[in-house]
Amino acid sequence: MNNHLLAINVEKAKKRLVKLQSQVIDLEIFIGEAENYYAESFEQKVIKEYAYLGSLFKVTAKLNKELLEMGEEKKLKMSDISSIIDSKPIDELHKNVRKIYRINKKIMH
């Protein structure tokens, strides 16, 4: 028997299934938001990149590489990226990305 079936009964299984189905719906919505997100501004680009990469370090590195390839001298810091992500949400994806960022921040500290 699988470990996820230990200490469970039919009623608990039904409640867990409802919760899991809700989580699947939330994840599908998040994926749809990210995949259909059109980043018009730099801030929106940061939000979209964080949705895909889930890491300040990775977003900063990617955007710095893109800036360098465009001949830009300015180098972004992770604090630049975090301040954009942690700012007041401008749309639904930003709202969800900020939640994810704050959870990740708690886990890291």
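## Close-up views of a predicted model

**View 1. Met 108 counts as exposed, because its relative accessibility is 69%.** The cut-off for exposed is over 50%. This model is predicted. Met 108 sits in helix H5, which spans residues 92-108. Met 108 also belongs to a nonpolar surface patch. Its partners there are Ile 103 and Ile 107. Together the three residues make a patch of about 380 Å².

**View 2. Tyr 50 and Tyr 101 form an aromatic pair.** The count for this predicted model comes to 1 aromatic pair. Tyr 50 and Tyr 101 meet edge-to-face. Their ring centres lie 6.1 Å apart, and the planes stand at 75° to each other. The pair links distant parts of the chain. Tyr 50 lies in helix H2, residues 42-53. Tyr 101 lies in helix H5. In sequence, 51 residues separate them. Both Tyr 50 and Tyr 101 are buried.

**View 3. Glu 33 is buried yet has no salt bridge.** Glu 33 is found in helix H1, which covers residues 10-35. Which side chain of opposite charge is nearest to Glu 33? Lys 95 is, at 8.6 Å. A salt bridge would need a Lys or Arg side-chain nitrogen within 4 Å of a carboxyl oxygen. Glu 33 does have contacts farther along the sequence. Leaving aside residues up to four places away, Glu 33 touches Glu 92, Leu 93 and Asn 96.

Notes
Residues are numbered from 1 along each chain as its sequence is written. This is a predicted model: local features need pLDDT of at least 70, side-chain atom pairs count only at pLDDT 80 or more; totals for chains, interfaces and linings use all residues. Side-chain values use heavy atoms; hydrogens and water are left out. Rings of Phe, Tyr and Trp (its six-membered ring) pair if their centres lie within 6.5 Å; planes under 30 degrees apart count as stacked, over 60 as edge-to-face and the rest as tilted. Helices (H or I, at least four residues) and strands (E, at least two) are DSSP runs, numbered from the N terminus. Buried means under 20% relative accessible area, exposed over 50%, partly exposed in between (1.4 Å probe, protein chains only). Patches are made of residues with over 30% relative accessible area and no salt bridge: like charges are joined within 9 Å, nonpolar side chains (Val, Leu, Ile, Met, Phe, Trp, Tyr) within 5 Å. Accessible areas come from the Shrake-Rupley method with a 1.4 Å probe; for residues, only the protein chains shown count as cover. Lys and Arg count as positive and Asp and Glu as negative; His and the chain ends are not counted. Contact means heavy atoms within 4.5 Å.
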